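Reader: I'd like to go through this one with you. Mind if I ask how the labels were arrived at?

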Amino acid sequence: MQSHYPERFERDMGTSETEWLTALPRALGEHAFELETGQARVHIGDGHLQLQWRILPPRVIALLRLQRLAVSFVFEGVQEDARQSFMKRFDLTMQRGGG
C-alpha cells in the first residue's frame with residue numbers, strides 16, 4: 001500500500017485478467033461502475049476513476065510464469081481524501097500473499 005495516491009498513475013500488477021475481473025467488484029466496494037472490455041469507470045462521489053488494463057507478457061523466473069496486467073488509474077473530479085480512502089481499500093482488497 002502506498003502512502004499517497006496521485007490523480008494519475010500506472011501499475012504493473014501480478015495477476016491474470018480473469019483474477020482481476022473476479023476481484024474487481026469486491027475492491028470497488030459500494031461504488032457503482034460500468035465495465036467494458038479492458039476498462040471500467042467507477043463512480044466516486046461527484047467524480048470518477050477510469051481504469052484501463054492490458055495484458056503484459058508473463059514475468060518468467062526459472063520455471064515460474066507470473067501473469068501480469070498493466071493498469072492505468074485516472075481520477076477525475078475526485079477529492080483528495082476520497083481518492084486516498086478509496087485506494088487504501090482497493091489495495092487491501094487486491095493485495096496477494098503476505099502476512
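Author: Go ahead, and take the helix pair to begin with: α1 and α2 are oblique to each other. This is a predicted model, where local features need pLDDT of at least 70, side-chain atom pairs count only at pLDDT 80 or more, and totals for chains, interfaces and linings use all residues. Numbering starts from 1 along each chain as its sequence is written, and side-chain values use heavy atoms, with hydrogens and water left out.

Reader: Why are α1 and α2 called oblique?

Author: Helix α1 (residues 17-28) and helix α2 (residues 80-94) pack at an angle of about 140°, with axes 9 Å apart. Angles under 35 degrees count as roughly parallel, over 145 as roughly antiparallel, 65 to 115 as roughly perpendicular, and the rest as oblique. The pair is therefore oblique. Axes here are lines fitted to C-alpha atoms, for helices over the stretch in contact, and angles run from 0 to 180 degrees between N-to-C directions.

Reader: What is the handedness of the α1 and α2 crossing?

Author: Right-handed. That word applies if the near helix is turned clockwise from the far one by less than a right angle, and left-handed if anticlockwise.

Reader: Which residues make α1 meet α2?

Author: From α1 come Trp20, Ala23, Leu24, Arg26, Ala27 and Leu28, and from α2 come Phe86, Arg89, Phe90, Thr93 and Met94. Contact means heavy atoms within 4.5 Å. These residues divide into eight nonpolar, one polar and two charged. For those classes, Ala, Val, Leu, Ile, Met, Phe, Trp, Tyr, Cys and Pro count as nonpolar, Asp, Glu, Lys and Arg as charged, and the others, Gly among them, as polar.

Reader: How do you know how many helices and strands there are?

Author: Helices (H or I, at least four residues) and strands (E, at least two) are DSSP runs, numbered from the N terminus. That gives two helices and five strands, in the order β-α-β-β-β-β-α.

Reader: What makes the chain as compact as a globular protein of that length?

Author: The radius of gyration is 14 Å, close to the 13 Å that the globule rule gives for 99 residues, so the label fits. The radius is taken over C-alpha atoms, and the rule is 2.2 Å times the number of residues to the power 0.38.

Reader: How do you know that β4 and β5 pair?

Author: Two strands pair if DSSP finds at least two bridges between them. Strand β4 (residues 47-61) and β5 have 12, in the antiparallel sense. One of the matches puts Val60 opposite Arg65, and another pairs His48 with Glu76. The two strands form a hairpin with two residues between them, where Ala62 in the turn has a positive phi of about 55°.

Strand β1 (residues 8-13) and strand β5 (residues 64-76) also pass, with six antiparallel bridges. So do strand β3 (residues 39-44) and β4, again antiparallel and with six bridges. Their hairpin also has two residues between the strands, and Gly45 in the turn has a positive phi of about 60°.

Reader: Why do β1 and β2 count as edges?

Author: The open sheet runs β1-β5-β4-β3-β2 with antiparallel pairing. β1 and β2 (33-36) each have a single partner strand, so one side of each is left without a neighbour in the sheet. Neighbouring strands are turned by 20° against each other on average, direction ignored.

Reader: Where do the helices sit on the strands?

Author: α1 packs on the sheet, touching β1, β2, β3, β4 and β5, and its direction makes about 150° with that of β4. α2 lies across β1, β3, β4 and β5, running at about 165° to β5.
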